[in-house]
Amino acid sequence: IEELVAQVWSEILQVEKIGIYDNFIDLGGNSFDAIRVMTRLNNKVDLELPLNQVFQKPTISLLSAKIEKTILKMLEELN
């Protein structure tokens with residue numbers, strides 16, 4: 001999941017090397033970029049996470065953990 005998030009951030013922010021603890025805003029991300037990031041991520045992992053997650057979880061590490069927890073919760077609800 002971290003690799004997927006890093007790839008999406010890299011494409012949208014046009015930054016080649018991004019660490020998992022780099023901050024979205026510090027990398028030049030803005031609200032328009034956040035919309036693009038969340039739209040792309042939601043489409044790729046078939047979720048509907050809100051836009052504010054980029055700002056509440058502003059690193060790849062934090063956002064990836066949120067995505068993972070959401071997927072695991074959905075899987076638990078299926079059982």
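Trainee: Are Trp9 and Phe24 buried or exposed?

Mentor: Both Trp9 and Phe24 are buried. Keep in mind as we go that this is a predicted model.

Trainee: What makes Phe24 count as buried?

Mentor: Its relative accessible area is 0%. Buried means under 20%, so with 0% Phe24 belongs in that class.

Trainee: How many aromatic pairs does a search of the whole structure find?

Mentor: The search turns up two aromatic pairs. One of them joins Trp9 and Phe24, with 5.2 Å centre to centre and 65° between the planes.

Trainee: Why is the pair of Trp9 and Phe24 called edge-to-face?

Mentor: A pair of aromatic rings is described by the distance of the centres and the angle of the planes. The centres of Trp9 and Phe24 are 5.2 Å apart, and the limit for a pair is 6.5 Å, so the two rings qualify. Their planes stand at 65°, and over 60 degrees counts as edge-to-face, so that is the name this pair gets.

Trainee: Where do Trp9 and Phe24 sit along the chain?

Mentor: Trp9 belongs to helix H1 (residues 2-13), while Phe24 is in the loop between H1 and helix H2 (31-45). They are 15 residues apart, and their pair links distant parts of the chain.

Trainee: Which pair do Phe24 and Phe55 form, edge-to-face or stacked?

Mentor: Phe24 and Phe55 make an edge-to-face pair, 6.2 Å centre to centre with 80° between the planes. This pair too links distant parts of the chain: Phe24 is in the H1-H2 loop and Phe55 in helix H3 (residues 53-56), 31 residues apart. The 6.2 Å is within the 6.5 Å limit and the 80° is over 60, so both conditions are met. Taken together, Trp9, Phe24 and Phe55 form one aromatic cluster.

Trainee: Why is Phe55 called partly exposed?

Mentor: Phe55 has a relative accessible area of 38%. Partly exposed covers the range between 20% and 50%, so 38% puts Phe55 there.

Trainee: Which residues form a nonpolar patch on the surface?

Mentor: Phe55 appears again here: the patch is made of Ile25, Phe32, Ile35, Leu51 and Phe55, with about 480 Å² of accessible area together.

Trainee: How do you know that Leu51 is exposed enough for a patch?

Mentor: Leu51, in the loop between H2 and H3, has 35% relative accessibility and counts as partly exposed. A patch residue needs over 30%, so Leu51 passes that test.

Trainee: What makes the phi of Gln14 worth pointing out?

Mentor: Gln14 has a positive phi of about 55° although it is not a glycine. The residue sits in the loop between H1 and H2. Its relative accessible area is 71%, and over 50% means exposed, so Gln14 is called exposed.

Trainee: And what is the phi of Asp46?

Mentor: Asp46, which is not a glycine either, has a positive phi near 55°. You will find Asp46 in the loop between H2 and H3. At 66% relative accessibility, Asp46 is over the 50% cut-off and therefore exposed.

Trainee: Which residues touch the most other members of the largest nonpolar core?

Mentor: In that core of 18 residues, Trp9, Val37 and Leu41 do. H1, H2 and helix H4 (60-78) each give two or more residues to the core, and H1 gives the most, with six. Leaving out residues up to four places away in sequence, Leu41 touches Leu4, Val5, Val8, Leu63 and Ile67.

Trainee: Why does Ser61 count as buried?

Mentor: Ser61 is found in H4, and its relative accessible area is 18%. That is under 20%, so Ser61 is buried. Beyond its neighbours within four places in sequence, Ser61 contacts Glu2, Ile20 and Tyr21.

Trainee: What makes Ile60 buried?

Mentor: Ile60, also in H4, has 0% relative accessibility, so it falls under the 20% cut-off. With neighbours within four places set aside, its contacts include Val5, Trp9 and Ile18.

Trainee: And why is Leu75 called partly exposed?

Mentor: Leu75 is in H4 with a relative accessible area of 46%. Since 46% lies between 20% and 50%, the label is partly exposed. From C-alpha to C-alpha, Leu75 and Ile18 are 30 Å apart in space and 57 residues apart in sequence.

Conventions:
Residues numbered from 1 in each chain as written. Predicted model: local features only at pLDDT ≥ 70, side-chain atom pairs only at ≥ 80, totals over all residues. Heavy atoms only, no water. Phe/Tyr/Trp six-rings, centres within 6.5 Å; stacked < 30°, edge-to-face > 60°. Helix = DSSP H or I, 4+ residues; strand = E, 2+ residues; numbered from the N terminus. Buried < 20%, exposed > 50% of the residue type's maximum accessible area, 1.4 Å probe, protein only. Patch = residues over 30% accessible without salt bridge, like charges linked within 9 Å, V, L, I, M, F, W, Y side chains within 5 Å. Areas by Shrake-Rupley, 256 points an atom, 1.4 Å probe, with all protein chains shown as cover. Salt bridge = Lys/Arg side-chain N within 4 Å of Asp/Glu carboxyl O. Core = buried A, V, L, I, M, F, W, Y, C linked by side-chain atoms within 4.5 Å. Contact = heavy atoms within 4.5 Å.
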